[in-house]
Amino acid sequence: MTDVNTTYTSLKDAINICLSCIGETPVDAPNNTSTNVVLSKQIIEEVSRDVQSKGWWFNTSGANISLYANSGSGASEDFNAGIPEEARRYISIRAARVLQSRFVGSEELLKFSFNEEQVSLAILTQAHVRNGGNSTSFNSFPTELKALGIEEVMFLQQSAEEKLLSLRLKTELKQADKIAAEKDLVDAQKSQVQTETVLRSQQALTELEETSKRAAEKALVDAQELKVDAEKLLIDAQELKTDEETKLITAQELKTDEETKLITAQELKTDVETEILTSQKTQLDAKTAIEATAEKDFYDNGGVSIDGSVKTYRDFAAEMRIMGIQESQFQSIPAYKKVELIKDANKLRTATTTTETGTDATELLEVNKVMRFIGEPPVSALNSNSLASECVRLLRDTDTELQGRGWWFNTEEDVELTPNGSGHIIITSDILSVEANDYDTRIHLNGYLYDLKKKSYTSWTSPIKAKLIYKRDIEYVPQKYVEYLNVRVAILLTELYPQSGIDIQRLPKMEQELRAYFKDREADDANYSVFDNYDTASRIGINRNYDLS
C-alpha cells in the first residue's frame, strides 16, 4: 500500500524526466528506439535493480518484482504494478541525476539537486516504515526499547526516521553487550592460561633445585675420587721420571744415528739429481734430433706429401685463412706442427668443397671478383678451395636477402594470380614475397598463398591481383646492384675471416659509395614521380582543401 494519493508515475514519465535533464524533447511512448530513449531505459533499469536490492516492504515477500509489467509476454513496457509510487519517484529522480551526470559531468548544472534525491529517498523510507509491518513497530521490541528509556507513547510520537534510529540503536547496543561478554570470556581464558603458566614455571624451578642438589652431591663424590687418583698419579709420575731419563739417554743415541742417516740421504739426493739432469739432457737431445730431422725432411721435400703430391702453405692459403693462420705465423712454427696444420687444412677443404657442385660461369665470375676484393687469387672452379665454396654460398644467400627487400627491377604491381581447381594459389620458387591488394596474405613454406583472415590455403575462388617481389638471376639485374652485392659479400668474408686491417677499412667505404650510387640509379630508373609524395600532390591540387586560383 502507499500513502501517496496521486496519479502513478509511468515508465514514459520517468523517461521524459531523464530526457528533460539533458535538453531532449519528450516522447509519446516508452518503446521509442532513439538512442537517448534506449540509454534512459537502460539507466532506469540499472537504478531500479540497485534500489530494489536494498530490500523494501514491497519486494521482500518472496516473489521477484521485475521492472516492467507483463515482462514475460512483452505486452507492456510500463512499470510493474508491484512497485509503489514512492519507489517509482525515487528511481526516476536518481536515474535522471545519473544520466545528466554522465552527459554534463558537473554537479552545479544538474536539474535535480542531491538534496532533492535525498528527500525522495526519505519519502520512500517513511513509506517502508509505515508499510513494513511488525518489523518496525514498538510491539516487536518492547523490552529493548523500554531499556533505552523509550515508552510506547514516545515511540509512536517519533517520526519514521527517529523510529528507525531507535530500533537501530537497540540492535547496536545488543551487539555491543554481546561483544563485551565475548571479551570478558576471552580475558578469563587468558587469565587461566597465565595461571597455568606460573604453576608450570614453579614446578620447573623445584625440579631444577632438586637436580642441582644431586649434582652437588655427585661432584663431592667425584672430588674424593679425584684426590685418590691424584695421589696415585704422583706415584706414577715419579716412576715415569726415571723412565724419561732413561729414554732421554736413548734418544740422544738415536739422534746421532739419524744425523748419520741424513748425511747418507743427502749424498743419495745428489746422485739422483745428477741422474735426472742426465735424463733431461738425453730427452732434449732426442727431441732436437727429431725436430731437426723433421725440418730437414720438410725443406728437402718442399712441403708435405698429400695424395701423391707435395703441398705447402700456399696450396692451402684459403683454408689457412679460415683457420686463422697467417703465413708469417705458419713459417715461425716447427716443421712437425706445419705438417699437422697442412693435414688439417686438407681435411677442411675436403669437408667444405664436396657439397659444392655448381658450375655456373656467371657465379664463378662474381666469385673471382669477390676474391680479388679480399686479396685472394682467382679460382677455376667453385669448389677449388674452402674459401671459394664459402664465397659462392654467401653470395647466393646475400643476393636473396638483398632482392627480398624489393627494388624496381624485381617488383611488379597488380600481377594477377589465378587459383587452381582445388582453391590453391601456387607460389613458384622464384617469388620472394606476395602482398595481395585486398587480402592479408603471406607465403607459407609449402608454396601456397595463405589467407590470414580466413585461415586457409584453399579459400581462393577467383583471380586476385598482388604485388610480387621476384628473385632475378644475376645476369638479369642492374650492373651496379651486382657491384654492390660483390662488395657486400667481400665485407662479410673479411669480417668472418680477416687477413689485414686494410681490407676491413677499405671495403666499407666502397660499400657506402655503391649503395649511394645504386639508390640514385633506383630513383632514376624506377617508375617514381613527384606525385608519389602525398605532400607534393596536395600542394599542386590533389586532395587540397583550398583553391589556388
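**Exercise 1. Determine how strand 4 and strand 7 pair, and place the two strands in their sheet.**

Solution. In this predicted model, strand 4 and strand 7, the latter covering residues 464-470, pair in the antiparallel sense over 5 bridges. Individual partners can then be located: Ile 431 stands opposite Tyr 470 in strand 7, and Glu 435 stands opposite Lys 467 in strand 7. The next step is to look at strand 3, which is joined to strand 7 by 5 bridges and runs antiparallel to strand 7; here Glu 416 has Lys 465 of strand 7 as its bridge partner. Putting these pairings together gives an open sheet of 3 strands in the order 3-7-4, with antiparallel pairing. Its edge strands are strand 3 (411-417) and strand 4 (431-436), each of which pairs on one side only. Neighbouring strands of this sheet are turned by 35° against each other on average, with direction ignored.

**Exercise 2. Decide whether strand 7 is largely enclosed or open to the outside.**

Solution. A residue counts as buried when its relative accessible area is under 20%. Of the 7 residues of strand 7, 5 are buried, and therefore the strand is largely enclosed by the rest of the structure.

**Exercise 3. Check the length of helix 13 against the expected span, and list its buried residues.**

Solution. Helix 13 has 18 residues (479-496), which at 1.5 Å a residue should span 26 Å. The end C-alpha atoms are 26 Å apart, so the two values agree. The buried residues of the helix include Tyr 481, Val 482, Tyr 484, Leu 485 and Asn 486 towards the start of the list, and Ile 491, Leu 492, Leu 493 and Thr 494 at its end.

**Exercise 4. Describe the geometry of the aromatic pairs formed by Trp 57 with Phe 58 and by Trp 408 with Phe 409, and state which cluster includes Tyr 481.**

Solution. A pair of aromatic rings is described by the distance of the centres and the angle of the planes. The count comes to 6 aromatic pairs, among them Trp 57 and Phe 58, whose rings are edge-to-face at 5.3 Å centre to centre with 85° between the planes. Trp 57 is buried, with a relative accessible area of 14%, and Phe 58 also counts as buried, at 10% relative accessibility. Trp 408 and Phe 409 likewise form an edge-to-face pair, at 5.4 Å centre to centre with 85° between the planes, and Phe 409 counts as buried at 13% relative accessibility. Finally, ring pairs link Trp 408, Phe 409 and Tyr 481 into a cluster, and Tyr 481 is one of the buried residues of helix 13.

Key
Residues are numbered from 1 along each chain as its sequence is written. This is a predicted model: local features need pLDDT of at least 70, side-chain atom pairs count only at pLDDT 80 or more; totals for chains, interfaces and linings use all residues. Side-chain values use heavy atoms; hydrogens and water are left out. Two strands pair if DSSP finds at least two bridges between them. Helices (H or I, at least four residues) and strands (E, at least two) are DSSP runs, numbered from the N terminus. Axes are lines fitted to C-alpha atoms, for helices over the stretch in contact, and angles run from 0 to 180 degrees between N-to-C directions. The expected span of a helix is 1.5 Å times one less than its number of residues. Buried means under 20% relative accessible area, exposed over 50%, partly exposed in between (1.4 Å probe, protein chains only). Rings of Phe, Tyr and Trp (its six-membered ring) pair if their centres lie within 6.5 Å; planes under 30 degrees apart count as stacked, over 60 as edge-to-face and the rest as tilted.
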